[in-house]
Amino acid sequence: QVQLVESGGGLVQPGGSLRLSCAASGSIFRINDMGWYRQAPGKQRELVAHITSGGSTNYADSVKGRFTISRDNAKNTVYLQMNSLKPEDTAVYYCNADLIRRGYISNYVYWGQGTQVTVSS
């Protein structure tokens, strides 16, 4: 079994910062790409940021310059540093990981359960 567990969400005022973490655990052989998505009420889930196993990143236009994705391969963990938060960043944030389980050949994408981020005064 593989689990992705997010943490770090909460309530923050506009202009504030939060750091999300997502730790993958279980019978993992290798993690390829990892990413953060978000889903606001009444909207579709959208990509926020993505990072490859080699550290290459890409971001949604709406968060460029404010959010930073990083990863610690030794800890199987991906982070999302969110600065200058805006009310429109309010959403449930989900992490995902494209990984290969031990004893398997094919990769599969796993998702975390989500963590709520609310930006409000």
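**Exercise 1. The salt bridges of R38**

D89 forms a salt bridge with R38, with the closest N and O atoms 2.9 Å apart. In this predicted model, work out where the two partners lie along the chain and whether they are buried or exposed.

*Solution.*
Step 1. Place the partners: D89 sits in the loop between β8 and β9, and R38 in strand β4. They are 51 residues apart, so the pair links distant parts of the chain.
Step 2. Check accessibility. D89 and R38 are both buried. For R38 the relative accessibility is 6%, and the cut-off for buried is under 20%, so R38 qualifies.
Step 3. Look for a further partner of R38. The side chain of E46 meets that of R38 in a salt bridge, N to O 2.7 Å. E46 has 36% relative accessibility and therefore counts as partly exposed.
Step 4. Widen the search. The whole structure holds four salt bridges. Those that share partners join R38, E46, R66 and D89 into one network.
Step 5. Consider another pair. D61 forms a salt bridge with K64, the closest N and O atoms being 3.1 Å apart. D61 has a relative accessibility of 65% and so counts as exposed.
As background, side chains of opposite charge can pair when their charged atoms come close.

**Exercise 2. A buried acid without a salt bridge**

E6 is buried yet has no salt bridge. Determine which side chain of opposite charge is nearest to E6, and which backbone nitrogens the side chain of E6 reaches.

*Solution.*
Step 1. Locate the residue: E6 belongs to strand β1.
Step 2. Find the nearest side chain of opposite charge. This is R45, 7.6 Å away. A salt bridge requires the nitrogen and oxygen to be within 4 Å, so R45 does not make one with E6.
Step 3. List the backbone nitrogens. The E6 side chain reaches that of C95 at 2.8 Å and that of G114 at 2.6 Å.
Step 4. Add the surroundings. Beyond four places in sequence, the residues that E6 touches include C22, W36, Y93, C95 and T115.

**Exercise 3. The disulfide**

Identify which cysteines form the disulfide, and state its handedness and the strands it connects.

*Solution.*
Step 1. Search the whole structure: one disulfide is found. The disulfide joins C22 to C95, with an S to S distance of 1.9 Å.
Step 2. Read the torsion. About the S-S bond of C22 and C95 it is about 45 degrees, so the disulfide is right-handed.
Step 3. Assign the strands. C22 lies in β3 (residues 18-26) and C95 in β9 (residues 91-101), so the pair ties together parts that are 73 residues apart in sequence.
Step 4. Check accessibility. C22 is buried at 0% relative accessibility, and C95 is buried at 0% as well.

**Exercise 4. The nonpolar core**

How many residues make up the largest nonpolar core, and which of them have the most contacts inside it?

*Solution.*
Step 1. Count the members: the largest nonpolar core has 31 residues. W36, L80, M82 and Y93 have the most contacts inside this core.
Step 2. Trace the contributing elements. Those giving two or more residues to the core are β1, β3, β4, β5, β7, β8, β9 and β11. Strand β9 supplies the largest share, five residues.
Step 3. Take M82 as a case. Neighbours within four places aside, M82 is in contact with G16, S17, L18, L20, R66, F67, Y93 and V117.

**Exercise 5. Positive phi outside glycine**

Where do N76 and S84 lie, and what are their phi values?

*Solution.*
Step 1. Recall the background: most residues other than glycine have a negative phi.
Step 2. Read the angles. Phi of N76 is near 50 degrees, a positive value. S84 has a positive phi of about 50 degrees and is not a glycine.
Step 3. Place both residues. N76 is in the loop between β7 and β8, while S84 is in the loop between β8 and β9.
Step 4. Check accessibility. N76 is partly exposed, with a relative accessible area of 25%. S84, at 41% relative accessibility, also counts as partly exposed.

Note on methods: Residues are numbered from 1 along each chain as its sequence is written. This is a predicted model: local features need pLDDT of at least 70, side-chain atom pairs count only at pLDDT 80 or more; totals for chains, interfaces and linings use all residues. Side-chain values use heavy atoms; hydrogens and water are left out. A disulfide is a pair of cysteine sulfur atoms within 2.5 Å. Helices (H or I, at least four residues) and strands (E, at least two) are DSSP runs, numbered from the N terminus. Buried means under 20% relative accessible area, exposed over 50%, partly exposed in between (1.4 Å probe, protein chains only). A nonpolar core is a set of buried Ala, Val, Leu, Ile, Met, Phe, Trp, Tyr and Cys residues joined through side-chain atoms within 4.5 Å. Contact means heavy atoms within 4.5 Å. Lys and Arg count as positive and Asp and Glu as negative; His and the chain ends are not counted. A polar contact is a pair of N or O atoms within 3.5 Å; within protein, one must be able to donate a hydrogen and the other to accept it, and residues adjacent in sequence count only if both atoms are side-chain atoms.
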